[in-house]
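Reader: I should like a close look at a single part of this chain, set out as one connected account. Please begin from the structure itself and then turn to the part in question.

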Amino acid sequence: MFRLLARQAKKNPGLIPQFFFISLGLGGASLYLVRLAVSPYVVWNKKNNPEPWSKLDPSYQYKFVAVTTDYKNLKKDGPDY
């Protein structure tokens, strides 16, 4: 597979940026899927911890990018269960 890609890149040097950006996109998508799989919203073991999101600290930044919310100053609104 890599030999074929290298052979094609030697024949057509214009394909090199395309191979680079495809690899970069696949790598980024893979890392994002791994990040989603280990987030507190995904339950892999329902017997030990059925609701892991209820044990999060109120100052936990659960969004990838928070533009206007300052998570350091948040306080818990409800009671402990």
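Is Met1 exposed or buried, and what is the relative accessible area behind that description? Please also place Met1 in its surroundings.

Author: The model discussed here is predicted. Met1 is exposed, because its relative accessible area is 74%, and the cut-off for that class is over 50%. Met1 lies in the segment that precedes helix 1, a helix spanning residues 2–11.

On the surface, Met1 belongs to a nonpolar patch together with Phe2 and Leu5. The accessible area of these three residues together is about 400 Å². Leu5 is located in helix 1. With a relative accessible area of 30%, Leu5 is classed as partly exposed, since that class covers the range between under 20% for buried and over 50% for exposed. Leu5 can also be related to a residue further along the sequence: its C-alpha atom is 9.3 Å from that of Leu15, and the two residues are 10 residues apart along the chain.

The wider setting of this patch is as follows. The protein chain contains 2 helices and 0 strands. Of its 81 residues, 6% are buried. The accessible surface of the chain amounts to about 7700 Å², and carbon and sulfur atoms account for 62% of that surface.

Further along the chain, UniProt lists residues 20–44 as "transmembrane region", in an unreviewed entry. In the model, residues 20–44 are 72% helix and 0% strand. The C-alpha atoms at the two ends of this stretch are 34 Å apart.

Aromatic contacts complete the account. A pair of aromatic rings is described by the distance of the centres and the angle of the planes. Searching the whole structure yields 1 aromatic pair. The partners are Phe20 and Phe21, whose ring centres are 5.2 Å apart and whose planes stand at 70°, so the pair is edge-to-face; the cut-off for that arrangement is over 60 degrees. Phe20 is partly exposed, with 48% relative accessibility, whereas Phe21 is exposed, with a relative accessible area of 53%.

Technical notes: Residues are numbered from 1 along each chain as its sequence is written. This is a predicted model: local features need pLDDT of at least 70, side-chain atom pairs count only at pLDDT 80 or more; totals for chains, interfaces and linings use all residues. Side-chain values use heavy atoms; hydrogens and water are left out. UniProt positions are given in the numbering used here, feature names are shortened, and annotations may be inferred rather than shown by experiment. Helices (H or I, at least four residues) and strands (E, at least two) are DSSP runs, numbered from the N terminus. Patches are made of residues with over 30% relative accessible area and no salt bridge: like charges are joined within 9 Å, nonpolar side chains (Val, Leu, Ile, Met, Phe, Trp, Tyr) within 5 Å. Accessible areas come from the Shrake-Rupley method with a 1.4 Å probe; for residues, only the protein chains shown count as cover. A salt bridge is a side-chain nitrogen of Lys or Arg within 4 Å of a carboxyl oxygen of Asp or Glu. Buried means under 20% relative accessible area, exposed over 50%, partly exposed in between (1.4 Å probe, protein chains only). Rings of Phe, Tyr and Trp (its six-membered ring) pair if their centres lie within 6.5 Å; planes under 30 degrees apart count as stacked, over 60 as edge-to-face and the rest as tilted.
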